[in-house]
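Thanks, everyone. I'll keep this brief and go straight to the model.

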Amino acid sequence: MPRETMLALYYYPGNANLLPHMILREAGASFELRFVDQPNRAQKSPEYLKLNPNGRIPVLVDGDLVLFETAAIALHLCDKFPEAGLAPTLGTPERAAFYKWMMHLTNTPQAEYRAWFYPHEHTVDEGAVEGVKQKAGERLNAMFDVISAQLGDKTWLLGDNFSAADLFLLMLIRWGRAMPRPPRTIPNLQGLAERVLARPAVQKTFEIEGLKAPFI
Ligand SMILES: N[C@@H](CCC(=O)N[C@@H](CS)C(=O)NCC(=O)O)C(=O)O
C-alpha cells in the first residue's frame with residue numbers, strides 16, 4: 001500500500017484509540033482524527049456500523065483499508081512506519097516476545113476490562129452487576145500481578161527496547177486508575193507508565209485527546 005494514503009482514526013478521548021493514536025504520533029504520521037460521540041452511541045449509528053459492524057471504537061481508515069480491532073490497527077501501523085522502531089525485526093526472538101505481549105494485552109486484560117466497564121453485558125440479573133464488576137476487578141488485579149512480575153526491573157516489556165507493547169500497557173494501566181487497587185499501585189507498573197508518559201509523542205496524544213491528570 002502506498003505510504004501517502006490518507007489515514008483517519010475514529011476516536012473518543014481515552015478509549016482504545018489511545019494506543020493507535022500514540023503510535024501515529026510516535027511515527028510522526030500525518031493523519032486525521034474523527035470524533036465518535038460515544039456517550040450518544042454514535043458508534044452504533046448506521047454510518048459507523050459500516051466501518052465496524054461491532055459498533056466499537058476505534059477504527060482506522062488507511063486509503064481503501066478500513067480496519068477495526070485495536071491490536072490489529074497497532075500492528076498495521078508498526079508495519080507501515082517501520083522507521084519508528086515500535087516493533088522488533090521480523091523473525092527474531094524479540095519479535096516473538098512482542099507478539100506475545102500484544103496478543104496477551106489485547107485478549108487478556110483488555111478483554112477483561114470489558115466486564116469491568118460494561119458489567120451489565122455479562123449478566124441478565126441486574127442485582128448481579130456489582131458482583132460481575134468486582135470479579136472482573138479481581139481478575140484484572142491478578143493479570144497485572146503477572147505482568148508486573150514479568151516486567152520486573154526491566155525498562156520496557158521487551159527489555160532495553162521500547163515498543164508499541166509499552167504504549168499498550170500504559171493505556172491499560174490508565175484504564176484501571178479508579179479501581180480499588182489501581183494498576184499503578186502494583187510494583188513496577190507505575191515506573192513503566194511514567195517512562196511512557198514522559199515521551200513527547202505520548203504527551204501530545206494526551207493533550208490532543210483532552211485527557212487531564214491524573215493520567216494513571
Ligand atoms: N476488541 C475491540 C474492543 C473495542 C472496545 O471495546 N471499545 C470500546 C471503547 S474502549 C467501545 O467502543 N465502547 C463503546 C461500546 O461498546 O458501545 C478493540 O480492541 O478494538
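Asp62 is buried, and Lys80 is buried as well. The two form a salt bridge, with the closest N and O atoms 3.1 Å apart. Asp62 sits in strand S3 and Lys80 in helix H3, so this pair ties together parts that are 18 residues apart in sequence. Please keep in mind that this is a predicted model.

As background, side chains of opposite charge can pair when their charged atoms come close. How many salt bridges does the structure hold? Nine. I'll go through some of them.

Next, Arg95 and Asp79. Their salt bridge has its closest N and O atoms 3.2 Å apart. Arg95 lies in helix H4 and Asp79 in helix H3, so here the parts tied together are 16 residues apart in sequence. Are these residues buried or exposed? Arg95 is buried, because its relative accessible area is 7% and the cut-off for buried is under 20%. Asp79 counts as partly exposed, at 48% relative accessibility.

Helix H3 therefore supplies a residue to both bridges: Lys80 in one, Asp79 in the other.

Now Arg114. Arg114 is in helix H4, which covers residues 93-117. Its side chain meets that of Glu121 in a salt bridge, 2.6 Å from N to O. The pair also registers as a side-chain polar contact, again at 2.6 Å. Glu121 is partly exposed, with a relative accessible area of 40%. What else does Arg114 touch, leaving out residues up to four places away in sequence? Besides Glu121, the list has Arg56, Pro119 and His122.

Stay on helix H4 for a moment. Tyr99 lies there too. Tyr99 is partly exposed, at 33% relative accessible area. With Leu90 and Met103, Tyr99 forms a nonpolar patch on the surface. Together the three have about 290 Å² of accessible area.

Let me step back to the domains. Where are the bounds? Domain 1 runs over 7-84, and domain 2 over 93-199. Their centres, taken over C-alpha atoms, are separated by 20 Å. On the contact side, 16 residues of domain 1 meet 19 residues of domain 2.

On to Arg174. This residue is in helix H6. Buried or exposed? Buried, at 5% relative accessibility. Its neighbours, again without residues up to four places away in sequence, are Leu18, Phe206, Leu211, Pro214, Phe215 and Ile216. One of them, Phe215, places its backbone oxygen 3.1 Å from a polar atom of the Arg174 side chain. For a sense of distance, take Arg174 and Asp37. They are 137 residues apart in sequence, and 21 Å apart from C-alpha to C-alpha.

Pro214 takes us to backbone geometry. Most residues other than glycine have a negative phi, and most peptide bonds are trans. Some places here depart from that pattern.

Start with the peptide bonds. The bond from Ala213 to Pro214 is cis, with omega near 0 degrees. Pro214 is in the segment after helix H8, and that helix spans 200-209. Remember that Pro214 is also among the residues that Arg174 touches. Another cis bond joins Ile57 and Pro58, with omega at about 15 degrees. Pro58 is in the loop between helix H2 (46-51) and strand S3 (59-62). Strand S3 is where we began, with Asp62.

Now phi. Glu69 is not a glycine, yet its phi is positive, at about 85 degrees. Where is Glu69? In the loop between strand S4 (65-68) and helix H3 (70-80). Glu69 is partly exposed, with a relative accessible area of 47%.

Asn188 is another case. Its phi is near 80 degrees, a positive value in a residue other than glycine. Asn188 lies in the loop between helix H6 (164-175) and helix H7 (189-197). At 31% relative accessibility, Asn188 counts as partly exposed.

To recap. The Asp62 and Lys80 bridge has both partners buried. Arg95 is buried while bridging to Asp79, and Asp79 is partly exposed. Arg174 is buried too, and touches Pro214, which follows a cis bond from Ala213. I'll take questions now.

Technical notes. Residues are numbered from 1 along each chain as its sequence is written. This is a predicted model: local features need pLDDT of at least 70, side-chain atom pairs count only at pLDDT 80 or more; totals for chains, interfaces and linings use all residues. Side-chain values use heavy atoms; hydrogens and water are left out. Helices (H or I, at least four residues) and strands (E, at least two) are DSSP runs, numbered from the N terminus. A polar contact is a pair of N or O atoms within 3.5 Å; within protein, one must be able to donate a hydrogen and the other to accept it, and residues adjacent in sequence count only if both atoms are side-chain atoms. Contact means heavy atoms within 4.5 Å. Patches are made of residues with over 30% relative accessible area and no salt bridge: like charges are joined within 9 Å, nonpolar side chains (Val, Leu, Ile, Met, Phe, Trp, Tyr) within 5 Å. Accessible areas come from the Shrake-Rupley method with a 1.4 Å probe; for residues, only the protein chains shown count as cover. A salt bridge is a side-chain nitrogen of Lys or Arg within 4 Å of a carboxyl oxygen of Asp or Glu. Buried means under 20% relative accessible area, exposed over 50%, partly exposed in between (1.4 Å probe, protein chains only). Domain bounds come from an automatic or database domain assignment.
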